[in-house]
Amino acid sequence: MDDSYPHPTSAPAQALAPGEVRLSQARVGDRGIIGAVGAPDAQGRGGLDAQELERRLLELGFVEGASLEVIHEGAIGHDPIAVRLDDMRVALRRKDAVDIVLRLTPEAAQ
């Protein structure tokens with residue numbers, strides 16, 4: 001089985017800096033700080049437009065600067081994922097997680 005966890009939903013074209021990864025591509029044990037939240041290309045995702053998806057993510061606590069750790073993933077297709085977001089646990093689909101940029105901590109980026 002391929003270990004790269006390809007994501008079925010194409011990621012936005014925004015380039016990522018070294019040490020950053022889209023949350024949709026993070027693995028269990030990855031941890032870091034949220035660097036950006038936004039859905040510039042989120043058209044047709046479950047009937048939500050980009051602004052609505054971004055609003056919902058922000059209301060759940062996915063804000064820039066929040067600490068995050070991937071703690072679990074589903075057995076089929078590694079979806080959904082569960083994350084520790086500051087002091088709470090949240091589950092979300094990888095197709096929604098593509099809109100969150102995670103700045104990995106040095107030990108997670110190795």
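Strand β4 is mostly covered: of its five residues, four are buried (under 20% relative accessible area with a 1.4 Å probe, protein chains only; exposed is over 50%, partly exposed in between). Strands here are DSSP runs of E with at least two residues, and helices are runs of H or I with at least four, numbered from the N terminus. The model is predicted: local features need pLDDT of at least 70, side-chain atom pairs count only at pLDDT 80 or more, and totals for chains, interfaces and linings use all residues. Residues are numbered from 1 along each chain as its sequence is written, and side-chain values use heavy atoms, without hydrogens and water.

Look at the two partners of β4. Strands pair if DSSP finds at least two bridges between them. β3 (residues 67-73) runs antiparallel to β4 (residues 81-85), and five bridges join them. E69 stands opposite R84. L68 stands opposite L85. On to β5: five bridges join β4 to this antiparallel strand. Here L85 has M88 as its bridge partner. β4 and β5 form a hairpin with two residues between them, and D86 in the turn has a positive phi of about 55 degrees.

Now step back to the sheet. It is open, has six strands and antiparallel pairing, and follows the order β1-β6-β2-β3-β4-β5. β1 (20-22) and β5 (88-92) stand at the edges with a single partner strand each, so one side of each lacks a neighbour in the sheet. Neighbouring strands are turned by 40 degrees against each other on average, direction ignored. Helix α1 (residues 50-60) packs on the sheet and touches β2 (31-37), β4, β5 and β6 (100-104); contact means heavy atoms within 4.5 Å. The direction of α1 makes about 140 degrees with that of β2. Axes are lines fitted to C-alpha atoms, for helices over the stretch in contact, and angles run from 0 to 180 degrees between N-to-C directions.
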